[in-house]
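Please look over the sequence and the model shown here before reading the notes beneath them. The briefing moves from the whole chain to its sheet, and then to its side chains.

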Amino acid sequence: RYKGKRVIVLKEMSNNLLLVTGPFRLNGVPVRRVNRAYVILTRTKIDISGVDVAKFDDAYFKKDAKKAEKSEEAFFESHGQEAPQEGREVPSGPEGSRRRSPP
């Protein structure tokens with residue numbers, strides 16, 4: 001998504017990750033964690049001493065557990081449908097099977 005964009009490295013994080021930003025106003029790259037293997041460093045230096053990056057840690061980027069837990073029943077309830085039954089029987093006879101027997 002942001003391949004080939006030039007970014008500013010703000011700090012080194014744990015697990016071989018770098019904290020980078022676009023800045024977003026200039027090239028659309030938000031504050032992100034990027035693996036060091038995907039970054040090509042240049043000689044260009046920018047003074048970022050006035051930037052406070054203390055709030056950006058691994059907990060900042062962690063996803064909420066509530067959003068990750070979506071059940072099948074909750075999905076069907078929100079869309080006004082009935083949840084599928086696991087033990088549902090398939091009707092027998094020609095309408096129940098998809099294969100046709102050879103004549």
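What follows is a short briefing on this structure, which is a predicted model.

The protein chain holds three helices and three strands, and from the N terminus on these elements are arranged as β-β-α-β-α-α. The strands form an open antiparallel sheet, while phenylalanine 56 appears both in the largest nonpolar core and in a cluster of aromatic rings.

**Chain as a whole**

- The protein chain has 103 residues, of which 14% count as buried.
- About 10,100 Å² of the protein chain is exposed, and carbon and sulfur atoms supply 49% of that area.
- When contacts in the protein chain between residues at least 6 apart in sequence are considered, 34% of them join residues at least 24 apart.

**The sheet**

- Three strands make up the open sheet, in the order 1-2-3 and with antiparallel pairing.
- Strand 1 (8–12) and strand 3 (32–35) each have a single partner strand and stand at the edges, so one side of each is left without a neighbour in the sheet.
- On average, and with direction ignored, neighbouring strands of this sheet are turned by 40° against each other.
- Strand 2, which covers residues 17–21, pairs with strand 3 in the antiparallel sense over four bridges, and leucine 19 has arginine 33 in strand 3 as its bridge partner.
- As background, strands of a sheet pair through backbone hydrogen bonds, in either a parallel or an antiparallel manner.

**The nonpolar core**

- The largest nonpolar core consists of six residues, namely Leu10, Met13, Leu17, Leu19, Val53 and Phe56.
- In soluble globular proteins, nonpolar side chains tend to be buried together.
- Phenylalanine 56 counts as buried because its relative accessibility is 9%, where the cut-off for buried is under 20%.
- If its neighbours within four places in sequence are left aside, phenylalanine 56 is in contact with Lys11, Met13, Leu19, Val31 and Phe61.

**Aromatic rings**

- The count of aromatic pairs comes to three.
- In the pair formed by phenylalanine 56 and tyrosine 60, the ring centres are 4.9 Å apart and the planes stand at 85°, so the arrangement is edge-to-face, a class that calls for planes over 60 degrees apart.
- Ring pairs link Phe56, Tyr60 and Phe61 into a cluster.
- Tyrosine 60 has a relative accessible area of 44% and is therefore partly exposed, whereas phenylalanine 56 is buried at 9%.

Note on methods. Residues numbered from 1 in each chain as written. Predicted model: local features only at pLDDT ≥ 70, side-chain atom pairs only at ≥ 80, totals over all residues. Heavy atoms only, no water. Phe/Tyr/Trp six-rings, centres within 6.5 Å; stacked < 30°, edge-to-face > 60°. Buried < 20%, exposed > 50% of the residue type's maximum accessible area, 1.4 Å probe, protein only. Pairing = 2+ DSSP bridges. Helix = DSSP H or I, 4+ residues; strand = E, 2+ residues; numbered from the N terminus. Axes fitted to C-alpha atoms, helices over the stretch in contact; angles between N-to-C directions. Core = buried A, V, L, I, M, F, W, Y, C linked by side-chain atoms within 4.5 Å. Contact = heavy atoms within 4.5 Å. Areas by Shrake-Rupley, 256 points an atom, 1.4 Å probe, with all protein chains shown as cover.
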